[in-house]
Amino acid sequence: MDGLASAEIVTVYRALDDSIHHARCGQRIALQGRRGSVGPEMELDFYCFACAESVTLPLCVLARIPVANEAAAAVAA
Ligand SMILES: [Zn+2]
């Protein structure tokens, strides 16, 4: 486990349905837009309605978000 890489993505996690969730509140965050040109450096702007907080994630980080099996299992139970 690369500690540095995982530190970048603790704010969010990916559910089994491929949607991005906010780690702080567990709510799904909505895609609001994007910054920069399409490519590895592009950043996506998400917004959490529960926390009223914007979350900006580079594409390269999005690709590494781990699927949260435990969270999905908790919802299904
Ligand atoms: Zn939130």
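Strands S3 and S4 run antiparallel and are joined by 5 bridges. One residue pair to look at here is Arg-35 and its bridge partner in S4, Glu-43. Before I go on, note that this is a predicted model.

Now the sheet as a whole. It is an open sheet of 3 strands, in the order S3-S4-S5, with antiparallel pairing. S3, covering 30-35, and S5 stand at the edges with a single partner strand each, so each has one side without a neighbour in the sheet. Ignoring direction, neighbouring strands are turned by 25° against each other on average.

Next, the core. The largest nonpolar core has 12 residues, including Val-12, Ile-20, Ile-29, Phe-46, Cys-48 and Ile-65. Which elements give two or more residues to this core? They are strand S4 (43-48), strand S5 (53-58) and helix H2 (59-62). S4 provides the largest share, 3 residues.

That brings me to the zinc ion. Its protein donors are His-22 through ND1, and Cys-25, Cys-48 and Cys-51 through SG, at 2.0 to 2.3 Å from the ion. Cys-48 also belongs to the core I just described. Along the chain, the donors follow the spacing H-x2-C-x22-C-x2-C.

Why is the arrangement called tetrahedral? Because the 4 donor atoms subtend angles of 103 to 118° around the zinc ion, and the criterion for four donors is that all angles lie between 85 and 135 degrees.

Last, exposure of two donors. His-22 is buried, because its relative accessible area is 2% and the cut-off is under 20%. Cys-25, at 29% relative accessibility, counts as partly exposed.

Note on methods
Residues numbered from 1 in each chain as written. Predicted model: local features only at pLDDT ≥ 70, side-chain atom pairs only at ≥ 80, totals over all residues. Heavy atoms only, no water. Core = buried A, V, L, I, M, F, W, Y, C linked by side-chain atoms within 4.5 Å. Buried < 20%, exposed > 50% of the residue type's maximum accessible area, 1.4 Å probe, protein only. Helix = DSSP H or I, 4+ residues; strand = E, 2+ residues; numbered from the N terminus. Donors = N, O, S within 2.8 Å, 3.2 Å for Na, K, Ca; no water. Tetrahedral: all angles 85-135°; square planar, octahedral: opposite > 155°, others 65-115°. Pairing = 2+ DSSP bridges. Axes fitted to C-alpha atoms, helices over the stretch in contact; angles between N-to-C directions.
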